[in-house]
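Reader: Could you walk me through this model, with the cut-offs spelled out as we go?
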Amino acid sequence: MCFAIVACGFVPRCALDESDSAMVRFEKILDLITACEFSVHDVSRVELDARSGLPRFNMPLELGADLGLRLKGPAAQRRRRILVLDAVAHRYDQTLSDISGMDIEAHGNDPARLIKSVRDWLNGGRDNEAPLPGSLAIFEDYAAFQLLVPDIIAELRLDTFDALPHSDYMHLVETALPQIERARDAAIRR
Amino acid sequence: MTLKPHPVSTRSRPDTREGWYRGVKLQAPATSPKTSLSRLQEAVKHAVAKNADALAGDK
């Protein structure tokens with residue numbers, strides 16, 4: 001998801017960005033929500049904790065706070081745009097039925113569908129501006145980036161890509177996208 | 001996840017301007033990297049060079 005957002009010219013913000021441990025995590029999230037015009041919530045991320053076996057409800061909590069601001073917050077917050085994603089269509093009818101009737105996109109845990117959902121939603125909010133790159137092009141460049149990952153990991157002397165801090169990942173994507181485009185265009189012109 | 005918008009240019013491909021991707025001006029991430037930026041840039045540069053043929057064939 002972050003890859004698609006960066007490719008569309010936006011800056012993803014999430015609690016992982018913030019390093020001030022003195023700040024309560026939920027307060028950080030509220031600060032981020034109120035500072036941004038758009039929000040994306042993927043409720044499929046409600047997963048069972050590996051150790052306790054209990055579900056983690058952070059994502060629905062954040063969605064609830066965001067919807068509260070959107071519906072009943074100050075005027076500036078009522079213009080917010082919110083995209084809700086889930087892996088399975090209409091699963092929220094059973095798990096989060098209070099949001100039934102909202103526009104919720106299903107991605108099926110498929111990166112191509114996720115990229116299309118995010119790109120099309122961001123593109124839909126643009127007035128009198130050139131369209132964003134197509135979702136297929138972004139997906140192809142995502143696949144190209146995945147091709148680079150093993151060498152990036154080796155170069156940075158990491159064991160796995162998961163060991164990479166979120167902020168570093170953001171910088172890698174921002175750095176890699178223009179280079180991937182140039183490498184592919186150069187190949188076409190050969 | 002929250003995000004901020006940025007304008008898109010109408011310039012045709014290929015876009016060789018620094019920090020542009022498919023006509024979109026990319027924005028710098030909101031927070032500084034933990035690893036030095038030059039090291040991240042070098043890692044990407046080497047990975048792209050090493051995989052140039054694969055990237056070309058991937059199209």
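Author: What follows covers the contact between the chains, then one helix, then one residue. This is a predicted model, in which local features need pLDDT of at least 70, side-chain atom pairs count only at pLDDT 80 or more, and totals for chains, interfaces and linings use all residues. Residues are numbered from 1 along each chain as its sequence is written, while chains are lettered from A and ligands numbered from 1 in the order in which they are written.

Reader: How many residues does the contact take from chain A and from chain B?
Author: Chain A gives 53 residues and chain B gives 46 residues, where contact means that C-beta atoms, placed from the backbone, lie within 7 Å.

Reader: And which element gives the largest share of chain A's side?
Author: That is α7(A), with 19 residues; helices (H or I, at least four residues) and strands (E, at least two) are DSSP runs, numbered from the N terminus.

Reader: Switching to α5(A), which of its residues are buried?
Author: A:Leu114, A:Ile115, A:Ser117, A:Val118, A:Arg119 and A:Leu122 are buried, meaning that 20 or more other C-beta atoms lie within 10 Å of the residue's own (exposed is 12 or fewer, partly exposed in between).

Reader: What do they pack against?
Author: The buried residues of α5(A) pack against α1, β2, β3 (81-86), β4 (104-106) and α6 of chain A.

Reader: Why does A:Cys2 count as buried?
Author: Because A:Cys2 has 20 C-beta neighbours inside 10 Å. A:Cys2 lies in helix α1 of chain A and, leaving aside residues up to four places away in sequence, touches A:Pro12, A:Tyr169, A:Met170 and A:Val173.

Definitions and conventions. Two residues are in contact if their C-beta atoms, placed from the backbone, lie within 7 Å.
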